[in-house]
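I opened a new entry today. My plan was to look things up one at a time and write down what I found.

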Amino acid sequence: SNSELSNYSCGASLHILLEKLENKKIVLDIWKTLFKNENYSTNDFFNAIQKHPLINKATIEIIHDFIYNEGGIIRAIELLNIK
């Protein structure tokens, strides 16, 4: 369904964004945290990012904008193009 496709696309996008802003090990830590539960949501993903001790505060703000703020996806893409 469109809803499932949107969820997978969003998860993949968040994975790529977090890997570019931080590193692969941190991304794997986040997924391991999420996979401990049978179900998880975007809010759980963001909460795991907030609780991770090695994630930069700027990264948390970018991910927050990506998920919750209008235009956050575009700003994240533009940021990645600059790097």
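**Entry 1: a helix pair**

Before anything else I needed a definition: axes are lines fitted to C-alpha atoms, for helices over the stretch in contact, and angles run from 0 to 180 degrees between N-to-C directions. I kept in mind that this is a predicted model.

I then looked up helix H3, residues 42–51, and helix H4, residues 57–68. They pack at an angle of about 170 degrees. Their axes are 10 Å apart. I noted both values because two packed helices are described by the angle between their axes and the distance between the axes.

How does H3 run relative to H4, roughly parallel or roughly antiparallel? Angles over 145 degrees count as roughly antiparallel. The angle here is about 170 degrees, so H3 is roughly antiparallel to H4.

Next I asked which residues meet. From H3 I listed Thr42, Asn43, Phe46, Ile49 and Gln50. From H4 I listed Ile60, Ile63, His64, Ile67 and Tyr68. I sorted the residues of this contact by type: 6 are nonpolar, 4 are polar and none is charged.

**Entry 2: the whole chain**

I stepped back to the whole protein. It has 5 helices and 0 strands. From the N terminus on, I read its elements as α-α-α-α-α.

How much of the protein is buried? I found 29% of the 83 residues in that group. The protein exposes about 5900 Å². Carbon and sulfur atoms supply 53% of that area.

I also looked up the contacts with a separation of 6 or more. Residues 24 or more positions apart account for 49% of them.

**Entry 3: confidence**

I checked the pLDDT next. The protein averages 86, and 88% of the residues score at least 70. Where is confidence lowest? I found it in helix H1, residues 2–21, at a mean of 77. Confidence is highest in helix H2, residues 24–35, at 93.

**Entry 4: two loop residues**

I went to the loop between H1 and H2, where I found Glu22. What does Glu22 touch, leaving aside its neighbours within four places in sequence? I listed Leu54, Ile55, Asn56 and Thr59. For Glu22 and Thr59 I also noted the spacing: they are 37 residues apart along the chain, and their C-alpha atoms are separated by 7.6 Å.

Asn56, one of the contacts of Glu22, took me to another loop. Asn56 lies between H3 and H4. Its relative accessible area is 42%, so Asn56 is partly exposed. I looked up Leu21 as well: Asn56 and Leu21 are 35 residues apart along the chain, with C-alpha atoms separated by 8.7 Å.

**Entry 5: two isoleucines**

I turned to Ile62 in helix H4. Is Ile62 buried or partly exposed? Buried means under 20% relative accessible area. Ile62 has 21%, so it is partly exposed.

Leaving aside neighbours within four places in sequence, Ile62 is in contact with Leu17, Leu21, Ala76 and Leu79. Ile62 and Arg75 are 13 residues apart in sequence and 8.4 Å apart in space, C-alpha to C-alpha.

My last stop was Ile73 in helix H5, residues 72–82. Ile73 has 43% relative accessibility, so it counts as partly exposed. I checked Ile73 against Ile63, one of the H4 residues that meet H3. Ile73 and Ile63 are 10 residues apart in sequence. In space they are 9.0 Å apart, C-alpha to C-alpha.

Definitions and conventions
Residues are numbered from 1 along each chain as its sequence is written. This is a predicted model: local features need pLDDT of at least 70, side-chain atom pairs count only at pLDDT 80 or more; totals for chains, interfaces and linings use all residues. Side-chain values use heavy atoms; hydrogens and water are left out. Helices (H or I, at least four residues) and strands (E, at least two) are DSSP runs, numbered from the N terminus. Angles under 35 degrees count as roughly parallel, over 145 as roughly antiparallel, 65 to 115 as roughly perpendicular and the rest as oblique. Contact means heavy atoms within 4.5 Å. Ala, Val, Leu, Ile, Met, Phe, Trp, Tyr, Cys and Pro count as nonpolar, Asp, Glu, Lys and Arg as charged, and the others, Gly among them, as polar. Buried means under 20% relative accessible area, exposed over 50%, partly exposed in between (1.4 Å probe, protein chains only). Accessible areas come from the Shrake-Rupley method with a 1.4 Å probe; for residues, only the protein chains shown count as cover. pLDDT is the predictor's confidence in each residue, from 0 to 100.
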